[in-house]
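Here are my notes on the model, set out as numbered points for you to read alongside the sequence and the coordinates. I would be glad if you checked each of them against your own view of the structure.

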Amino acid sequence: VPEMTEDIIGKLFGDRGYVSQKIFEELYERGLEFITKSKKNMKNRLLKLIDKILLRKRAVIESVNDYLKNVCQIEHSRHRSPLNFLVNLLAGLVAYTYLPNKPSIDIYPKDLPALPPALF
């Protein structure tokens, strides 16, 4: 994980399998907040409401990745040139935009006016 996230700052959402205190602290020192669900043997910790909502929306993000890889066919490992790779990637993204039903994430509460905006 640390090698893959060298130049990234902000928030990183991941699986429980990547959780360790050492990795969490190392990423936090570099300005990357690592957000995962807790393992059963871990202590509970406080999460911001928006982080908790986005963590639950990971399944939607994974389904978009699945659409792009399987329906729009952007995953192809044997490109003969970098230009061919880019053309295939752009064609897959354009094909995705024309799909009639796309998964979406609605993170802003509409039915909860009592919550202060500071939570989001």
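**Notes on the predicted model**

1. The protein exposes about 9,700 Å², and 57% of that area is supplied by carbon and sulfur atoms. The model is a predicted one, which should be kept in mind throughout the points below. Of the 120 residues of the protein, 18% count as buried.

2. On the overall layout, the protein has 4 helices and 2 strands, and from the N terminus on these elements follow the order β-α-β-α-α-α. Among contacts between residues at least 6 apart in sequence, 42% join residues that are at least 24 apart.

3. Ahead of strand 1 (10-13), the segment that precedes this strand contains T5. T5 counts as buried because its relative accessibility is 5%, under the 20% cut-off. When residues up to four places away in sequence are not counted, T5 touches L12, L27, R30 and L32.

4. Helix 2 (residues 49-56) deserves a paragraph of its own, since I50, D51, I53 and L55 are buried in this helix. The buried residues of helix 2 pack against strand 1, against strand 2 (32-35) and against helix 3. As general background, an α-helix has 3.6 residues a turn, so residues three or four places apart point the same way.

5. The structure holds 1 salt bridge, in which the side chains of K11 and D51 meet at 2.5 Å, N to O. Because K11 lies in strand 1 and D51 in helix 2, the pair ties together parts that are 40 residues apart in sequence. The two partners should be described separately as regards exposure: K11 is partly exposed, with a relative accessible area of 37%, whereas D51 is buried, with a relative accessible area of 1%.

6. The loop between strand 2 and helix 2 includes L47, which counts as partly exposed at 32% relative accessibility. Leaving aside neighbours within four places in sequence, L47 is in contact with I35 and L55. The C-alpha atoms of L47 and I35 are 8.5 Å apart in space, while the two residues are 12 residues apart in sequence.

7. A search of the whole structure finds 1 aromatic pair. The ring centres of Y67 and Y96 are 6.5 Å apart and the ring planes stand at 75 degrees, so the pair is edge-to-face. The pair links distant parts of the chain, with Y67 in helix 3 (residues 58-71) and Y96 in helix 4 (residues 82-97), 29 residues apart. Y67 counts as partly exposed, at 30% relative accessibility, whereas Y96 counts as buried, at 13%.

8. Which residues make up the largest nonpolar core? This core has 6 residues, namely V64, L68, C72, I74, Y96 and L99. Y96 is thus a member of the core as well as a partner in the aromatic pair with Y67. For L68, the contacts that remain when neighbours within four places in sequence are left aside are those with Q73, I74, G92, L93 and Y96.

Methods. Residues numbered from 1 in each chain as written. Predicted model: local features only at pLDDT ≥ 70, side-chain atom pairs only at ≥ 80, totals over all residues. Heavy atoms only, no water. Core = buried A, V, L, I, M, F, W, Y, C linked by side-chain atoms within 4.5 Å. Buried < 20%, exposed > 50% of the residue type's maximum accessible area, 1.4 Å probe, protein only. Contact = heavy atoms within 4.5 Å. Areas by Shrake-Rupley, 256 points an atom, 1.4 Å probe, with all protein chains shown as cover. Phe/Tyr/Trp six-rings, centres within 6.5 Å; stacked < 30°, edge-to-face > 60°. Salt bridge = Lys/Arg side-chain N within 4 Å of Asp/Glu carboxyl O.
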